[in-house]
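Me: Please take a close look at one part of this structure and describe how it is arranged against its surroundings. A connected account, suitable for a first-year student, would be most helpful.

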Amino acid sequence: MSAACRADQRPNRTRAALYAAGAAVAALVLSACGSGGTSGGSGNSNFVSGKDGISTVAKGSRDTAPDLSGPTVDGKQLDVADYKGKVVVLNVWGSWCPPCRAEAPNFVKVAKETAGQGVQFVGINTRDADTAPAKAFEKEKGVTYPSLYDPTGKLMLRFKKGTLNPQTIPSTLIIDRDGKIAARTLQALSEDKLREMLDPVLAEK
């Protein structure tokens, strides 16, 4: 069992508050941890799972990202579709998740260095009972890009099975300039691995 699976040791009252709405996404997380997190969920998937844990799809075979819109951690409204024309790095995270804490500085660094190249970083904060821990996480780690606030995991469930859908926390997806899902990983990322995912999509014309 990974650290991400063990990390969510939440008080009983918090569990009760999130249980009904969050059961489906919790099942996704546990299933992915148990299977190693590399399955696409369908025998008809059109992506290639690399030995490095990064799955990719050829440009002509990609699926469009689902509706990813709603309130952010800081109380604003955000729609990922508004970033069409940019390459979007989408990171699913929780303040309670040790691998998320470990990878956050890498995301902050690469986000700053690629901001002028048409890259937009967006987080999806999930399974935090309220926004206070998420805000504290962002302040501590220096995160300045926006994060959708998705405590029950409903945004994760909008991804179709058999596509590059987020299955664990953390998960990271690269969405190309046309709003289609180009790459995914179900593990915490080093700076080098993050760039390995991002650079080929950024180089596309």
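Reply: A helix is here a DSSP run of H or I with at least four residues, and helices are numbered from the N terminus. With that in mind, Glu191 is found in helix 5. The model is a predicted one. The account below starts from this residue and then turns to helix 3.

Apart from neighbours within four places in sequence, Glu191 is in contact with Asn106, Lys109, Val110 and Glu113. One of these partners, Lys109, stands 82 residues away from Glu191 along the chain, yet the C-alpha atoms of the two are separated by 8.1 Å.

These contacts belong to the packing of two helices. Helix 5 spans residues 191-202, and helix 3 packs with it at an angle of about 45 degrees, their axes being 9 Å apart. Angles under 35 degrees count as roughly parallel and those from 65 to 115 as roughly perpendicular. Helix 3 and helix 5 are therefore oblique to each other. Their crossing is right-handed. On the side of helix 3, the contact is made by Asn106, Phe107, Lys109, Val110, Glu113 and Thr114, while helix 5 contributes Glu191, Leu194, Arg195 and Leu198. Sorted by class, this contact has four nonpolar, two polar and four charged residues.

Helix 3, which covers residues 98-114, also packs with helix 4, residues 131-141, at an angle of about 50 degrees and with the axes 10 Å apart. That angle makes helix 3 oblique to helix 4. Here too a right-handed crossing is found, with helix 3 passing helix 4. Cys100, Arg101, Ala104 and Val108 of helix 3 meet Phe137, Glu140 and Lys141 of helix 4. The residues of this contact divide into four nonpolar, no polar and three charged.

Some residues of this second contact reappear around an internal space. A search of the whole structure finds two cavities of 30 Å³ or more, and the largest has a volume of about 60 Å³. Its lining consists of Asn91, Trp93, Cys100, Glu103, Ala104, Phe137, Val143 and Tyr145. Strand 5 (87-93) and helix 3 are the elements that give two or more residues to this lining. The largest share, three residues, comes from helix 3. By class, the lining of the largest cavity has six nonpolar, one polar and one charged residues.

Two details of the backbone complete the picture. Most residues other than glycine have a negative phi, and most peptide bonds are trans. Arg127 has a phi near 65 degrees, a positive value in a residue other than glycine. Arg127 is found in the loop between strand 6 (119-126) and helix 4. In addition, Ile169 and Pro170 are joined by a cis peptide bond, with omega at about 5 degrees. Pro170 lies in the loop between strand 7 (147-150) and strand 8 (171-175).

Notes
Residues are numbered from 1 along each chain as its sequence is written. This is a predicted model: local features need pLDDT of at least 70, side-chain atom pairs count only at pLDDT 80 or more; totals for chains, interfaces and linings use all residues. Side-chain values use heavy atoms; hydrogens and water are left out. Axes are lines fitted to C-alpha atoms, for helices over the stretch in contact, and angles run from 0 to 180 degrees between N-to-C directions. Angles under 35 degrees count as roughly parallel, over 145 as roughly antiparallel, 65 to 115 as roughly perpendicular and the rest as oblique. A crossing is left-handed if the near helix is turned anticlockwise from the far one by less than a right angle, and right-handed if clockwise. Contact means heavy atoms within 4.5 Å. Ala, Val, Leu, Ile, Met, Phe, Trp, Tyr, Cys and Pro count as nonpolar, Asp, Glu, Lys and Arg as charged, and the others, Gly among them, as polar. On a 1 Å grid over the protein atoms alone, a cavity is a set of points where a 1.4 Å probe fits but cannot get out, and a pocket is an open set with protein on both sides within 12 Å along at least five of seven lines; lining residues have an atom within 4 Å of a point. Grid points are joined across faces, edges and corners, and a volume is the space filled by probe spheres set on the points.
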